[in-house]
Amino acid sequence: MLSRDPLLLLSATRLAALIRARAVTSAEVVEAHIRHIERVNPTLNAMVANRFDAARAEARAADALLDRGDAAAAPPFLGVPCSIKESFAVAGMPNSAGLVARAGVRATEDAVTVARMRAAGFIPLGVTNVSELCMWMESNNRLYGRTNNPYDPARTAGGSSGGEAAVVGAGGAPVGLGSDIGGSIRMPAFFNGVFGHKPTGGLVPTSGQFPLPGERGLRYMTAGPIARRAEDLMPVLRVLAGPDARDPACAPLPLGDPASVDLGGLTVLSVEHDGVRRVSDDLLAAQRRAEEALAARGATVRKARVELLARALDIWTAMLGVAGGVTFRALLGDGRPISLPRELARWSLRRSAHTLPAIGLTLLEDVGRHFPSRTARALELGEALRAELVARIGERGVMLYPSYPRPAPRHYAPLLPPFQWTYTAVLNVMEMPATQVPLGLNADGLPLGVQVAAIHGNDHVTIAVAQHLERSFGGWVPPSLSWCRR
């Protein structure tokens, strides 16, 4: 179905060039993506509110600007459609983060990252589904329902940027805006077969998102691009990056150029598992193929184990727990902390406004309060892990690490066991940049992939590796969409 319209296969960078050259109009590009979303979204439930009419008008305005001969003054992505995670404020659009109590909330202005994307010429098509309060790895909530995977609707699209990754993975947008505090860009990007980049902590401002962690946690949570083609990652990151007065954790940080990275001089630390949670054979084989592709370019590949990764759950929970801000329990209650026993009873009677994972995650907050010595020890381990990773990866290195222990699981399966998302979450509290890279499909037609991580500020290095692996393995493989009958 995607092959019928080549516009649905191109990167945002390529679409922008075609629009600027007048080889295609913005109106044609935007309409092609709108038609496709209308075709696939009834099954995917990925885009939960659209602004199609406004997008069409903005596309016509972009074309009119070029018709006047103003191409030289046009922004870099003029007339290119995109999608936005619903937890970002988009003026006039819902901004509930999947919380029933916020069902009537609409944004009055754009989040800073949304405003920057608009200023770069992007045209938002709508906002996409999330997990409840963006704190679970399946995009499902009582307000919008559950998002499904375009490769197999019986499987998860991931979370919390699951709607975003499902739209991009299905071909509905070349680029999307997601956020990540525990893998919420990288896991959905992996499950949906596309690229996702979690920037260095503090590189991209969080202003205008809901919910937000306390000030210390603003460096753990960051916004970044989800894209069907790797060439879009750095240009979009340049659009998003830079300080904002409303985000005290965001600081100036120079961005390097992926084209300047010498892959032949790269050291690749390949870590195949965390020592606790087993990784599937097909993902291990894919990671080893990635090693071979980098070695063929002259990179030095070293297999490694990092023992402290076995404590990833404790480290992430402790470091986020001391970040301050409103507790998750209070956010669920829209300002008044929920009672866990009462809410579980309501849930068992199907009367709760909350999902079971959201209710259960309140227990993680209790760990620090009831076991302060364990939290203190976990904080020490977190600092030790950060120092070890920085030393072992180095200025001219990357780490390959699974994005999740297995390809996209069936709905609800992530609850048993519930903590496999620590493969991505631990890198948030390390504040390290990480790029999820698709590596083809397995025998069941599900996306394979791997994370590429680097030391702080080396976003361009992980993106350079992603670009090489895309050339080696083809990157995004459009889903067959055999389930789509329209």
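Just after helix α7, Gly242 takes a positive phi of about 120°. This residue makes a handy starting point for a walk through the model, which is a predicted one.

The helix that precedes Gly242 spans residues 233-240 and is mostly covered, with six of its eight residues buried. These buried positions are Leu233, Met234, Val236, Leu237, Val239 and Leu240. Their packing partners include both helices and strands: the buried residues of α7 lie against α4 (112-119) and α15, and also against β8, β9 (195-198), β10 (222-227) and β14 (434-441).

Among these partners, α15 deserves a closer look. Helix α15 covers residues 459-473, and its axis runs 10 Å from that of α7, at an angle of about 155°. Angles over 145 degrees count as roughly antiparallel, and α7 and α15 are therefore roughly antiparallel to each other. On the α7 side the contact is made by Leu233, Met234 and Leu237, while α15 contributes Asp459, His460 and Ile463. By type, the residues of this contact divide into four nonpolar, one polar and one charged. Leu233, Met234 and Leu237 of α7 thus appear both in the contact with α15 and in the list of buried residues.

Attention now turns to the open spaces in the model. Rolling a probe the size of a water molecule over the atoms shows where empty space is left. The largest pocket holds about 830 Å³ of space. Its lining is made up of 40 residues, and those nearest the centre are Met135, Leu320, Gly321, Phe328 and Glu365. Several elements each supply at least two residues of this lining, namely strand β8 (175-180) and helices α9 (312-321), α10 (328-332), α12 (356-370) and α13 (372-393). Of the contributors, α9 gives the most, with seven residues. Strand β8 is a familiar name here, as the buried residues of α7 also pack against it. In character, the lining of the largest pocket comprises 22 nonpolar, eleven polar and seven charged residues.

The second largest pocket contains about 240 Å³ of space. Of the 17 residues that line it, Asn140, Thr355, Leu356, Pro357 and Tyr412 are the closest to its centre. Helix α12 provides the largest share of this lining, four residues, and α12 also supplies at least two residues to the lining of the largest pocket. The lining of the second largest pocket divides into eleven nonpolar, three polar and three charged residues.

How values were computed
Residues are numbered from 1 along each chain as its sequence is written. This is a predicted model: local features need pLDDT of at least 70, side-chain atom pairs count only at pLDDT 80 or more; totals for chains, interfaces and linings use all residues. Side-chain values use heavy atoms; hydrogens and water are left out. On a 1 Å grid over the protein atoms alone, a cavity is a set of points where a 1.4 Å probe fits but cannot get out, and a pocket is an open set with protein on both sides within 12 Å along at least five of seven lines; lining residues have an atom within 4 Å of a point. Grid points are joined across faces, edges and corners, and a volume is the space filled by probe spheres set on the points. Ala, Val, Leu, Ile, Met, Phe, Trp, Tyr, Cys and Pro count as nonpolar, Asp, Glu, Lys and Arg as charged, and the others, Gly among them, as polar. Axes are lines fitted to C-alpha atoms, for helices over the stretch in contact, and angles run from 0 to 180 degrees between N-to-C directions. Angles under 35 degrees count as roughly parallel, over 145 as roughly antiparallel, 65 to 115 as roughly perpendicular and the rest as oblique. Contact means heavy atoms within 4.5 Å. Buried means under 20% relative accessible area, exposed over 50%, partly exposed in between (1.4 Å probe, protein chains only).
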